[in-house]
Amino acid sequence: MKMSNASDGSREVREPLVDKVMAESKPEQPWMVYLSTFVAVCGSFAFGSCAGYSSPAQAAIRNDLSLTIAEFSLFGSLLTFGAMIGAITSGPIADVIGRKGAMRVSSAFCVVGWLAIFFAKGVVALDLGRLATGYGMGAFSYVVPIFIAEIAPKTFRGALTTLNQILICTGVSVSFIIGTMVTWRVLALIGLIPCAVSILGLFCIPESPRWLAKMGRDTEFKAALRKLRGKKADISEEAAEIQDYIETLERLPKAKALDLFQRRYIRSVLIAFGLMVFQQFGGINGICFYTSSIFEQAGFPTRLGMIIYAVLQVVITALNAPIVDKAGRKPLLLVSATGLVIGCLITAVSFYLKVHDMAHKAVPILAVVGIMVYIASFSAGMGAMPWVVMSEIFPINIKGVAGGMATLVNWFGAWAVSYTFNFLMSWSSYGTFIIYAVINALAIVFVIAVVPETKGKTLEQIQAVVNP
């Protein structure tokens, strides 16, 4: 009986202890990381709103303000020209005033730009507004993925960074859909909403701990990391790794643009710049900016085509996010680039048949299938992965200069493609898509030969491998 009572007593002691250990070992949810990511990707939504504006607004703006095709092409391409300026300056701005400060500057430019477009009575105000929103968009395109990569735990950094592309696609899609129901001036006012949310939300989240460590603000660095990881989380190991890495980098001279071509950084530069070139010169911005005219030329109902396009890109990008940290960056890039080649070739066949007056009923079906395969494939990898890899690949001492230059390369490509698209389509509609197919095929070769896998590694581990 005594043994039985002892056994019972030991049970009474053990059970609460087991429960306590299990409760303590259960990882704390990083809610502040989620909130910070949400606030950051409001900038991504603002980016998408800017990018998706011209397609649904094209006909109405041209009619209301009597713009020629050349004037509207300039209006469309000024967005990417402004983004190039934003890309050049966003890296240094983010290094000097912080990631949050850079996002505030981006939001302010977008607000000014949307108001200028709303009140525009002629081409000058319209173009200045487009230039300002382009600047904000270019700055967001750099600072948002950098900020998310610097605050996120390594276990789901890829998934959180992919939210950048999901919200860009959502912003484009919302503009496409709402643009079919409201005037172009009202659509400009709607573009203010994500900017306002971003500006207000930035007051509620911490600064990037890695930036604070780089600036020597140790107390704020630890407080921000604690806030992001949770009150009960053990941050000692992560904090020590970040500080050791920062101390190592501080011994190096301050990076300049020419330093990017040193042997120690050349692989990072090649990877990031190469992905940006292939992402843009594969034709995405020409197709995105002028979706309505592509469907119109192919004889497919424009409104229906734009809605299908808008919904598909959001769904595919969202489905892609959970698998980024499981499948890896490289496989997604390869699958995506292969799909882009197929989509371009299908669309090229559609326009070839139309030009040669063959298979009239097949032309609109092939055109819409080709464009949908293209946008689904882009959303599955080539849309998000270059930004994810760019945010991971550069050491923090050159991240401002290198990230800004990589973003500049991206936006130069976007400007070149968006400006030349209408002229290329006038030269040869099917030839345009054959050119894009060849470029996307070269992207497959580049990814296989040059791009490393970065899933499951800390930023410091990635950079130790890429920049030994």
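This passage describes the nonpolar cores, one helix and one buried glutamine of a predicted model.

The largest nonpolar core holds 114 residues, and the members that touch the most others are Tyr53, Ile61, Phe394 and Phe433. Helix α4, covering residues 69–119, is the biggest contributor to this core and supplies 12 residues. A separate core of 13 residues lies apart from it, with Leu212, Leu225, Tyr245 and Leu249 among its members.

A closer look at isoleucine 61 shows what surrounds one of these well-connected residues. Beyond its neighbours within four places in sequence, isoleucine 61 contacts Tyr53, Ser66, Leu67, Phe72, Phe75, Leu126 and Trp184. Tyr53 thus appears twice, as a contact of isoleucine 61 and as another of the core members that touch the most others.

Helix α21 runs over residues 429–450. With 22 residues at 1.5 Å each, helix α21 should span 32 Å, and its end C-alpha atoms are indeed 32 Å apart, so the two values agree. Buried positions in α21 include Phe433, Tyr436, Ile439, Asn440, Ala443, Phe446, Val447 and Val450. As a helpful guide to reading such a list, an α-helix has 3.6 residues a turn, so residues three or four places apart point the same way.

Glutamine 279 sits in helix α12, which covers residues 263–281. Its relative accessibility is 3%, and glutamine 279 therefore counts as buried, the cut-off being under 20%. The side chain of glutamine 279 forms a polar contact of 3.1 Å with the side chain of glutamine 280. Setting aside neighbours within four places in sequence, glutamine 279 also contacts Ile284, Phe378, Met382, Gly383, Pro386, Trp387 and Asn410.

Technical notes: Residues numbered from 1 in each chain as written. Predicted model: local features only at pLDDT ≥ 70, side-chain atom pairs only at ≥ 80, totals over all residues. Heavy atoms only, no water. Core = buried A, V, L, I, M, F, W, Y, C linked by side-chain atoms within 4.5 Å. Buried < 20%, exposed > 50% of the residue type's maximum accessible area, 1.4 Å probe, protein only. Helix = DSSP H or I, 4+ residues; strand = E, 2+ residues; numbered from the N terminus. Contact = heavy atoms within 4.5 Å. Expected span 1.5 Å × (residues − 1). Polar contact = N/O pair within 3.5 Å; in protein donor to acceptor, adjacent residues only side chain to side chain.
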